[in-house]
Amino acid sequence: MLKLFNISKTFNPGTVTEKKALRGIDLQLEDGDFVTVIGGNGAGKSTLLNLIAGVHYTDTGSIFLDGMDLTGKPEYVRAKYLGRVFQDPMLGTAANMEIEENLAMAMRRGKRRTLAWGIQPAERKLYKEKLALLDLGLENRMTSKVGLLSGGQRQALTLLMATLQKPKLLLLDEHTAALDPKTAKKVLELTEEFVTRDNLTAFMVTHNMKDAIRYGNRLIMMNEGKVVYDVRGEEKKNLQVKDLLEKFSLVGGNAADNDRMLLN
């Protein structure tokens, strides 16, 4: 369970470029929640995700995950409990290492390092089975360098790595934004499959209104650093893009300034 209390963040305070990114956010995610987060440019979506991940620290407020206070913990400590997939497919993997070596790193995340680094036969078998789930043929290329893969293949691999050890929270930061529509659809389907299969708690930032409606059991809309709309269950299932556009207008957002929201 993720609990956020009174989370605020201001960048460049006291300067002409001061930006109040988050304004007193209170939010709770239950175990198994798959939350999609929508909002215009500068709404605070990615900032909130980065605060949870430990990329930035809060100015005020507290962050708890399964009862653990993560508020002041650095990013590398939180990484033990979090799975993360970035917008850029190149960020989640080590390009100069083999596919199986990347998976081995993910499997050992948060564990004590020893001299026994070699990949054991049983471990290699597991990786092959997991890669087969992606349906991309990567199970037959386990010794290939990751840098040789396409962006979509790398993003699918990053998703697998992020969920290889069941994380307490899966963070997805517009993880299909850099992919072509066909590949994005594949990665989103895999995301839904992994989250459902392992009953993961997931927090997915997106600009795509259709995806925000289609995936997950809960939708949050942000505007000017605040959560302005929070819907779940049957009410969410019945939403349409026009409903979100109308809601966005009601809270003062200008969809015309957010081309990606309109186009999606």
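Which residues of strand β6 (residues 82-85) are buried on one side, and which on the other? I opened the notebook with this point, keeping in mind that the model is predicted. I found both faces of β6 covered, with L82 and R84 buried on one side and G83 and V85 buried on the other. The pattern agrees with the general rule I keep at hand, that in a regular strand the side chains alternate between the two faces of the sheet.

**Entry: the neighbour of β6.** I then looked up the pairing of β6 and found that it runs parallel to strand β7 (residues 169-173), the two being joined by 4 bridges. Taking L82 as my starting residue, I read off L169 as its bridge partner in β7.

**Entry: the whole sheet.** Following the pairing outward, I noted an open sheet of 6 strands in the order β6-β7-β8-β3-β9-β10, with mixed pairing. β6 and β10 (226-232) each have a single partner strand and stand at the edges, so one side of each is left without a neighbour in the sheet. From one strand to the next, I recorded an average twist of 20°. Elsewhere in this sheet, I checked β3 (residues 34-39) against β8 (residues 202-205) and found them parallel, with 4 bridges between them; V35 has F203 as its bridge partner in β8.

**Entry: helices on the sheet.** I next asked what packs on these strands, and found that α5 touches β6 and β7, with its direction at about 175° to that of β6. Helix α6 (residues 181-197) lies across β3, β7 and β8, and I noted an angle of about 140° between its run and β3.

**Entry: L134.** I turned to the loop between α4 (121-132) and α5 (151-164), where L134 lies. Is L134 buried or exposed? Its relative accessibility is 0%, and because buried means under 20%, L134 counts as buried. Leaving aside residues up to four places away in sequence, I listed its contacts as A156, L157, L160, K186, L190 and F194. I also looked up the pair L134 and E189, which are 55 residues apart along the chain and have their C-alpha atoms separated by 10.0 Å.

**Entry: helix α1.** Last, I went through α1 (residues 45-53) and found the helix mostly covered, 8 of its 9 residues being buried. The buried residues are K45, T47, L48, L49, N50, L51, I52 and A53. After α1 comes G54, for which I noted a positive phi, near 95°.

Technical notes:
Residues are numbered from 1 along each chain as its sequence is written. This is a predicted model: local features need pLDDT of at least 70, side-chain atom pairs count only at pLDDT 80 or more; totals for chains, interfaces and linings use all residues. Side-chain values use heavy atoms; hydrogens and water are left out. Buried means under 20% relative accessible area, exposed over 50%, partly exposed in between (1.4 Å probe, protein chains only). Contact means heavy atoms within 4.5 Å. Two strands pair if DSSP finds at least two bridges between them. Axes are lines fitted to C-alpha atoms, for helices over the stretch in contact, and angles run from 0 to 180 degrees between N-to-C directions.
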